[in-house]
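Biologist: Please bring up the model. I would like to go through it with some questions.

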Amino acid sequence: MNIRWFYNQLWKVAPYFIRHYLRKRGEKAPAYLEHWSERFGGAMVNPVQQPVWVHAVSVGETRAAQPLIRELRKHFPDAPLLITQMTPTGRATAEALYPDAQCRYLPYDKPEYVAQFLREHRPRFGILMETEIWPNLMHGCAEAGVPLFLANARLSEKSQNGYLKVRTLVEPAMQTLRGCYAQTAADAERLHLIGASNVHVCGNTKYDITPTDAMHEKAAFFRQLIGTRPVVVCASTREYKGTDEAELLLSAWRAYHGDALLVLVPRHPERFQTAYDTAVSLGFKTKKRSDESEIAPDTQVWIGDSMGEMLAYYLVADVAFVGGSLVDTGCQNIIEPVACGIPTLFGPSTYNFAAACKGAVEVGAAKQIFSAQEWQYTASKWLSEPSLRLPYTQAAEAFVAQNRGASSRIVERMVEAV
């Protein structure tokens, strides 16, 4: 059986189930109920024509695209910018970061939807950030003469094994790419094994991200609200298989008896209220970022219920913890707090940022812990003895500087290939 034919037969029924899924997601996150026509092949109102097109599925990929887009604009200063996403949080991030771009959802991979999208926009070329493999989109770009690249590409061993099970579908799609720019040599090897050719190791664009003046101004506002107290930021906490990482951290934090403020920032907006309720139920005096009010000296927990302000939270931190690592979701972006010079902790699950976590630990720019209790003990120790934090800050600067430059390397190769 032709597996691509079977794949396309599935797309005849898949939209029904996807709509049901989006409605369920919309019960907790209403933004999932918006802009449906964009996802399901509806005509776009005033579609931008012949843009440089970047697809960044969610928040992390959208931020990772920022230095890449900065380099692209040096080479294509007059080209309009189209940014596509799959999640509401990614779309909101893109709209905040790129006010002059057209932002929309990428339609699902049904052939008719793909054809409509390419007819509407006729991109000069497209860039898929990190690991986005949509066979019909990739074949459609090749057939329409749209050069397509995979940038900042990464592939875990687990994902590689999954793709190998459908290799006859994935390999021909990967071979349509004009270029594949991997973060590490290990990523490059795994991408090659699922069919990518013309693979180059260029590094991780996330090392090229620096806090903007606006982020520094926001951090100054946060510090004004907080006062002079020390701050511990727990960023991008996740829930996985019924285990709430925020609850683990809050439960462990009950053993802390100092005056530091714990700032807890859930990864997804639908978890904001849950984090607040959990903190209150555990007896903490708790406030929300959205209150926009001064934080009293006896406030113990501040819930970061906002989007697009993560770097500002880090800039006021004395100690950072990167979430998605105490539960098995592979860790969120460890590079951001390290790049801000913040002594950083993360848990045992690191497959999304394996190279960054390993490298940061090896040079002393971050520390891995293996339980919420160990996190609380280490953070408390660092707060009480600032001299223990200084080596991490010093190592972080050198570590990030050593790994910068991926964005310019990727764009130089793209310009040659377009």
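Biologist: How do the residues lining the largest cavity divide by class?
Modeller: On a 1 Å grid over the protein atoms alone, a cavity is a set of points where a 1.4 Å probe fits but cannot get out, and a lining residue has an atom within 4 Å of a point. Ala, Val, Leu, Ile, Met, Phe, Trp, Tyr, Cys and Pro count as nonpolar, Asp, Glu, Lys and Arg as charged, and the others, Gly among them, as polar. In this predicted model, the lining of the largest cavity divides into seven nonpolar, no polar and one charged.

Biologist: What should I know about the model, and which residues line that largest cavity?
Modeller: This is a predicted model: local features need pLDDT of at least 70, side-chain atom pairs count only at pLDDT 80 or more, and totals for chains, interfaces and linings use all residues. Residues are numbered from 1 along each chain as its sequence is written, and side-chain values use heavy atoms, with hydrogens and water left out. The largest cavity is lined by V52, I69, L72, R73, F76, A79, P80 and L81.

Biologist: Which helix gives the most to the lining of the largest cavity?
Modeller: Helices (H or I, at least four residues) and strands (E, at least two) are DSSP runs, numbered from the N terminus. One helix, residues 59–75, gives three residues to this lining, the most of any. That helix is α4.

Biologist: How much space lies in the second largest cavity?
Modeller: Its lining is T237, R238, E239, D244, A246, P266, R271 and A275. These divide into three nonpolar, one polar and four charged. A volume is the space filled by probe spheres set on the grid points, which are joined across faces, edges and corners. For the second largest cavity, that space is about 40 Å³.

Biologist: Which element gives the most to the lining of the second largest pocket?
Modeller: A pocket is an open set of points with protein on both sides within 12 Å along at least five of seven lines. The second largest one has a volume of about 400 Å³. Of its 23 lining residues, the closest to its centre are Q183, T184, A354, A355 and A356. With five residues, the element that gives the most is α16.

Biologist: Which residues have the most contacts inside the largest nonpolar core?
Modeller: A nonpolar core is a set of buried Ala, Val, Leu, Ile, Met, Phe, Trp, Tyr and Cys residues joined through side-chain atoms within 4.5 Å. Buried means under 20% relative accessible area, exposed over 50%, partly exposed in between (1.4 Å probe, protein chains only). The largest core has 42 residues, and those with the most contacts inside it are W53, Y108, L137, M138, L150, M174 and L191.

Biologist: What does M138 touch, beyond its neighbours within four places in sequence?
Modeller: Contact means heavy atoms within 4.5 Å. By that rule M138 is in contact with L128, I133, L148, A173, M174, T176 and L177.

Biologist: Is Y181 buried or exposed?
Modeller: Y181 sits in strand β6. Leaving aside neighbours within four places in sequence, its contacts include F149, L150, H200 and M414. Its relative accessibility is 1%, so Y181 counts as buried.

Biologist: And T168, buried or exposed?
Modeller: T168 lies in helix α9. Its C-alpha atom is 39 Å from that of V400, 232 residues apart along the chain. At 60% relative accessibility, T168 counts as exposed.

Biologist: What is the phi of R122, just after α6?
Modeller: R122 is in the loop between α6 and β4. Its relative accessibility is 42%, so R122 counts as partly exposed. R122 is not a glycine, yet its phi is positive, at about 45°.

Biologist: Where is H35, which has a positive phi near 60°?
Modeller: H35 is another residue other than glycine with a positive phi. At 36% relative accessibility, H35 counts as partly exposed. Its place is the loop between α2 and α3.

Biologist: How far apart are the end C-alpha atoms of helix α17?
Modeller: The expected span of a helix is 1.5 Å times one less than its number of residues. Helix α17 has 13 residues, so it should span 18 Å. Its buried residues include W375, W382 and L383. The end C-alpha atoms agree with the expected span, at 18 Å.
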